[in-house]
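Please read the following report with the sequence and the model side by side. It moves from the interior to the sheet, then to the loops and the ligands.

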Amino acid sequence: MSSIKDTFGRTLRDLRISVTNRCNFRCSYCMPVEIFKHDYPYLKKDQLLSFEEIVRLSRLFVSHCGTKKIRLTGGEPLLRTDLPQLIKWLSDIPEVEDLSLTTNGWHLSRMADDLRAAGLMRVTVSLDALDNTVFGKINGVGRPVEPVLKGIDAAIEVGLPIKVNMLVIRGVNEDQILPMTHYFKERNICLRFIEFMDVGNCNKWSIDQVVSGKEILELLKKDFLFESLNPAYKGEVAKNYRFMDSGTEFGLITSVTQPFCKNCNRLRLSADGKLFLCLFAITGHDLKEPLRQGATDKELVDLIKGTWNLRKDRYSELRKETNRDKGSRPKIEMSYIGG
Ligand code: SAM
Ligand code: SF4
Ligand code: SF4
């Protein structure tokens, strides 16, 4: 299996596939309710890649481009009709070493069993608070926490390894850091704290709202004893720690204060078939049109390789130099290309 390299020598290993740009939440940092209304131009059904198209591309990625990991995301991936069918087909591709999903967890309790049976290997649930008022405000639609916690329990029950991602925003949910840590530590679930990023153009990001990984560690030191762990593999995005008493792990994803562009081996495929080389890209590289115009496998592989070979994105490193959103240029929204 050949690996391909970009201009900085970074190999393409992870493919994140967005299966929809719709969501049942309106998280203030991602799809603020005042912008993502009913009349927002969401992708229509015929604009979305079909499951057959996603599977064909995925096969090419793993067999010709060195991709080893596939993560399904969105928008909210569990809203895509018949998602377990797609998972089944992807899990049938022999070279896929890791097949995972990121979800807000709302529909997880009723779907966990089918997802596991279809071949999903792991799940990450995003949950930013345990307090209903705080959570309802963040998710923008007043949804309570309980169904998400039930989803997490259901995933564990069917044997799906799980991690929980908590995005921390100053003035919004720092008071949830300790309760979340206690809750998930007791259940031996890895909680990962994520720094707020300036993705897209509509979440009014500013550096003042970023609670740094360093601050989070300082806070945790008040309640817990823990030690840092060595990276499990080169290019691991999270910095991992282990509580001394229980052995439960937690992680920090410090994309703003300690960017990891130099090891970034991720490619994102939007729900309408565009390749994005960076979370902060301005435009994507269309694969849907050639796919639908009858391109051969070789032509598609050449397109993918040619796109990756020219990649020189390192947005977060550049942002770090000024701690400012890098300009007023249009950026792609996270709900469109997936986190
Ligand atoms: N809807 C699913 C979910 O929420 O897990 C999958 C898509 S969501 C875009 C994926 C992840 O992106 C979530 O964990 C969310 O917290 C994260 N995210 C969204 N906007 C972000 C931002 N501005 N900064 C950092 N993470 C963000
Ligand atoms: Fe939806 Fe996930 Fe974005 Fe929240 S973070 S609005 S759940 S896509
Ligand atoms: Fe990768 Fe772009 Fe994020 Fe840097 S800013 S880690 S290149 S996605």
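A nonpolar core is a set of buried Ala, Val, Leu, Ile, Met, Phe, Trp, Tyr and Cys residues joined through side-chain atoms within 4.5 Å. In that definition, a residue is buried when its relative accessible area is under 20%, exposed when the value is over 50%, and partly exposed in between, with a 1.4 Å probe and protein chains only. The model is a predicted one, in which local features need pLDDT of at least 70 and side-chain atom pairs count only at pLDDT 80 or more, while totals for chains, interfaces and linings use all residues. Residues are numbered from 1 along each chain as its sequence is written, chains are lettered from A and ligands numbered from 1 in the order in which they are written, and side-chain values use heavy atoms, with hydrogens and water left out.

**The core**

The largest nonpolar core has 111 residues, and those with the most contacts inside it are Leu 72, Phe 184 and Phe 193. Helix 1 (residues 51-64) gives the largest share of this core, seven residues; helices (H or I, at least four residues) and strands (E, at least two) are DSSP runs, numbered from the N terminus. In soluble globular proteins, nonpolar side chains tend to be buried together.

Which residues does Phe 184 touch, apart from those up to four places away in sequence? They are Leu 127, Leu 149, Ile 152, Val 164, Ile 189, Leu 191 and Thr 248, where contact means heavy atoms within 4.5 Å. Phe 184 belongs to the buried residues of helix 6, together with Ile 177, Met 180, Thr 181, Tyr 183 and Lys 185. The buried residues of this helix pack against helix 5 (146-157), strand 5, strand 6, helix 7 (213-223) and strand 8 (239-243).

**The sheet**

An open sheet is formed by 12 strands in the order 7-8-9-6-5-4-3-2-1-10-11-12, with mixed pairing; two strands pair if DSSP finds at least two bridges between them. Strand 7 (226-228) and strand 12 (285-286) stand at the edges, and each has a single partner strand, so one side of each is left without a neighbour in the sheet. Strand 12 is joined to strand 11 (residues 274-276) by two bridges, and these strands run antiparallel; the bridge partner of Leu 275 in strand 12 is His 285.

Why is strand 5 (residues 162-168) largely enclosed by the rest of the structure? Six of its seven residues are buried, so the strand is largely enclosed. Strand 5 runs parallel to strand 4 (residues 122-126), to which four bridges join it, and Ser 126 stands opposite Asn 165 of strand 5. Six bridges join strand 5 to strand 6 (residues 190-195), again in a parallel run, and Leu 167 has Ile 194 as its bridge partner in strand 6. Strand 5, helix 6 (residues 177-186) and strand 6 make a right-handed β-α-β unit, which means that, with the strands pointing away from the viewer, the path from the first strand over the helix to the second runs clockwise.

**Residues in the loops**

Two residues other than glycine have a positive phi: Asp 82, at about 60°, and Asn 188, near 55°. Asn 188 follows helix 6 and lies in the loop between helix 6 and strand 6. The table sets four loop residues side by side.

| Residue | Loop | Relative accessible area |
|---|---|---|
| Asp 82 | between strand 2 (69-73) and helix 2 (83-91) | 54%, exposed |
| Asn 188 | between helix 6 and strand 6 | 55%, exposed |
| Gly 66 | between helix 1 and strand 2 | 5%, buried |
| Pro 32 | between strand 1 (14-18) and helix 1 | 3%, buried |

Gly 66 and Thr 11 are 55 residues apart in sequence, and their C-alpha atoms are 7.9 Å apart in space. Pro 32, leaving aside its neighbours within four places in sequence, is in contact with Arg 26, Cys 27 and Cys 202.

**The ligand surroundings**

A residue is counted as near a ligand if one of its heavy atoms lies within 4 Å of it. Around ligand 2 are Cys 23, Phe 25, Cys 27, Tyr 29, Cys 30, Met 31, Gly 75 and Asn 104, and this shell divides into six nonpolar, two polar and no charged residues. Here Ala, Val, Leu, Ile, Met, Phe, Trp, Tyr, Cys and Pro count as nonpolar, Asp, Glu, Lys and Arg as charged, and the others, Gly among them, as polar. Ligand 3 has a shell of seven nonpolar, one polar and three charged residues, including Cys 261, Cys 264, Cys 278, Arg 268, Arg 311 and Asp 313.
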